[in-house]
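The following exercises concern pockets, cavities and charged groups in a protein model. Each task is followed by a worked solution.

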Amino acid sequence: MLVPDTTQGSLQDNETIDILASTQLQIDEKQTLDLSAQYYNSEQDTDYGIQYDLTTYPFGAEISDGFESDRQASTERQQYNANYHNTELFGHEVYAQLSHRTEELSFIPFIYGTYFAASEQSTDVTSARVALSKDWTEKLKLTYGIDGYQDKLDSNKMIFNQGTSIATGGLVNDEFATVGRYPGTEVNSIAGFIQGDYELTNKLSATAGMRYQHLNNKIDDFVSSTVQTDIALGNATGGDAIPGGSTDYNVNLFNLGLNYKPTSNLRYFANFSQGFELPDPAKFYGQGIYAKNAANYYELVNGSNVSGTELDGIKTDSYELGTSFNHNNLTGQLTGYYSVSDGSIDYDRSTLLITQSDNKKRVYGVEAKGDMRLMTM
């Protein structure tokens, strides 16, 4: 057996159940309803685990028999989705979608200096979308609608009995205490959008669109996970909470494109689009600098609270220029692309938290694709 990644684990000695069901209802000649559901459970229940050699630095690790842990690696997910389509409603073609996903992830025991622990996080995401499409003239087609979602996150860290875990090199892990890992978060979004397609000439067409999105982040009050751990281990009497709160974002995004087709076998295109990314608030907030007073109580000196350190969104502008062709048995496409953001998100591997910076992130390149039919049947 191979020694797995000590932070992520592996799929050795893993059992997976994946049940997926779907059906389509033909309501009438204009209406259809597609329904799907999934239950997924991937769980490790094994007698083999990572045993650390705590007498060396850095720690050596090997796979050993006799592994016991009150928390092992697992993923459990339930997902439901409904799609509705109506080909004609007040002159429009209608698309609607409603979905829900609940997921729980557990990780393998990991050594944090003087103790072993394993984290767990659960998410609940509900989303909905309605889009209407209509040909207003022979040359103009408009698609517009609204969409929204709610995303909730909760997480914790199970601390194992220090004496047992250290004595066995992390092979036997009995639950000692459970503390918070990240602050609880709830992200709510509602957006309206409109997209237009217009035929300027028989050979030239244009597309343009706009999206307006309102986001609200709610963050729970949170005592730093490090402080909660020290309290649970008996090294402190308590600690101040980093204040939570709520933040709002209003975002306008645009796209524009041109498509020129001089012949049926040749096309040129140019596109501009904008994207918006909001860093994971759970891994941004809830960080703090503490000082322990004479009563072994952690006093908050400074923290990433919602009112003092607002999380900025990252907007990215993307450009694309290319051509596609079809000649005899050869078809191909050549595209050049460039994107630039107004900031960047940085990931700290030591703390598993994120930070933001004003450094612009650029991505650019050329992409080519070709297909040739060698023989015709």
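**Exercise 1.** Determine which strand supplies the largest share of the lining of the second largest pocket.

*Solution.* In this predicted model, begin with the pocket itself, whose volume is about 360 Å³. Its lining comprises 19 residues. Next, identify the strands that each supply at least two of the lining residues: E9 (116-135), E10 (140-160), E13 (185-199), E14 (204-219) and E17 (266-277). The largest share, 4 residues, comes from E10. Finally, locate the centre of the pocket: Asp151, Leu153, Val187, Asp280 and Pro281 are the lining residues nearest to it.

**Exercise 2.** Characterise the largest cavity by its volume and its lining.

*Solution.* The structure contains 1 cavity of 30 Å³ or more. The volume of the largest cavity is about 200 Å³. Its lining consists of 20 residues, with Pro4, Gln44, Tyr48, Gly49 and Ile50 nearest the centre. Strand E3 contributes the most to this lining, with 4 residues.

**Exercise 3.** Explain which parts of the chain are tied together by the salt bridge between Glu88 and Lys30.

*Solution.* The closest N and O atoms of Glu88 and Lys30 are 3.7 Å apart, which satisfies the criterion of within 4 Å. Glu88 belongs to strand E6 (residues 74-89), whereas Lys30 is in the loop between strand E1 (14-26) and E2; the pair therefore ties together parts 58 residues apart in sequence. In total, the structure holds 7 salt bridges.

**Exercise 4.** Locate Asp47, a member of a negative surface patch, relative to the strands.

*Solution.* The patch includes Glu43, Asp45 and Asp47. Asp47 lies in the loop between strand E2 (31-44) and strand E3 (48-53).

Technical notes: Residues numbered from 1 in each chain as written. Predicted model: local features only at pLDDT ≥ 70, side-chain atom pairs only at ≥ 80, totals over all residues. Heavy atoms only, no water. Patch = residues over 30% accessible without salt bridge, like charges linked within 9 Å, V, L, I, M, F, W, Y side chains within 5 Å. Areas by Shrake-Rupley, 256 points an atom, 1.4 Å probe, with all protein chains shown as cover. Salt bridge = Lys/Arg side-chain N within 4 Å of Asp/Glu carboxyl O. Lys, Arg positive; Asp, Glu negative; His and termini not counted. Charge placed at Lys NZ, Arg CZ, Asp CG, Glu CD. 1 Å grid on protein atoms, 1.4 Å probe; cavity = no way out; pocket = protein on both sides within 12 Å on 5 of 7 lines; lining within 4 Å. Points joined across faces, edges and corners; volume = space filled by probe spheres on them.
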